[in-house]
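Biologist: I want the reasoning behind the labels, one label at a time. Please show me the model.

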Amino acid sequence: MTTVYSESTTERIPGRAWTVRLHGYSDRSVTVTCTTEGCRMPPRSKDLASLRAFAARHAAAHARAATVRPNAWCHCGSQHCGAHPDIKAHCAGAVVMILRHDSTVRRVWSVEEVCETCAPLIPNATVLARAARPTRSTARPAATAAPAQVPAAARCAGVAGGFSSPSATPADTTAGPARRSRRTSQRADRRRSGQAR
């Protein structure tokens, strides 16, 4: 399986999907198929338990080998959101890799690149991985200065409301004189000017 993604492009590309399926026959034998033509499957057998375990491992191998592509379209959306027909949604958000497997039917495993909006709406889906966020350049523009280093003791100082103030120092945390309201000082000024008349 060569499904590792190595390109870095901004052009949108179709979301990928791999489906591993068990097919049963009237003689109680089973085969495993994969939508990827190059995958080698074991021969038809009556050992359902071992072929079911193989199918689960094979789907997991596709998921491990594939890197989620951040510029992929939602595979679910490309299928007109047929995986969740009762819940309408508009595809949006980052790309995630999911594994769909109904534990009661236990015949089909699907690994798909879908959007964050569709992923929680798809029954029996588990998010396996998320697309890597684009890396930002570490070089800063010349006009931007590096922030000043704050001593560790100052970083621990807290302010009301549960937030911390990186610029507070231990001296700043002591209570200072109460500030007078601007409104109060304006009223006092009016009273004084009214008494002078």
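Biologist: How many aromatic pairs does the rule give here?

Modeller: This is a predicted model. The count of aromatic pairs comes to zero. A pair needs ring centres within 6.5 Å.

Biologist: What makes Arg12 count as a charge over the ring of Trp73?

Modeller: Arg12 lies over the face of Trp73, 4.3 Å from the ring centre. The cut-off is within 6 Å of the centre and within 35 degrees of the ring normal, so the label applies.

Biologist: Where does the charged end of Arg44 sit?

Modeller: Over the ring of Tyr25, at 3.8 Å from its centre. The limit is 6 Å, so that distance qualifies.

Biologist: Why is His75 called buried?

Modeller: Its relative accessible area is 16%. Buried means under 20%, so His75 is buried. His75 belongs to helix α2, residues 75–78. Leaving out residues up to four places away in sequence, His75 touches Gly15, Arg16, Ala17, Glu112, Glu113 and Val114.

Biologist: How many disulfides does the rule give?

Modeller: Zero. Cys39 is in none; its nearest cysteine sulfur, in Cys34, is 3.9 Å away. A disulfide needs sulfur atoms within 2.5 Å, so Cys39 does not qualify.

Biologist: Why does Cys115 have no bond to Cys118?

Modeller: The sulfur of Cys118 is the closest cysteine sulfur to that of Cys115, but at 3.7 Å it is too far for a bond. The cut-off is 2.5 Å.

Biologist: Are Cys39 and Cys115 buried or exposed?

Modeller: Buried. Cys39 has 15% relative accessibility, and Cys115 has 5%. The threshold is under 20%, so both count as buried.

Technical notes:
Residues numbered from 1 in each chain as written. Predicted model: local features only at pLDDT ≥ 70, side-chain atom pairs only at ≥ 80, totals over all residues. Heavy atoms only, no water. Phe/Tyr/Trp six-rings, centres within 6.5 Å; stacked < 30°, edge-to-face > 60°. Helix = DSSP H or I, 4+ residues; strand = E, 2+ residues; numbered from the N terminus. Buried < 20%, exposed > 50% of the residue type's maximum accessible area, 1.4 Å probe, protein only. Contact = heavy atoms within 4.5 Å.
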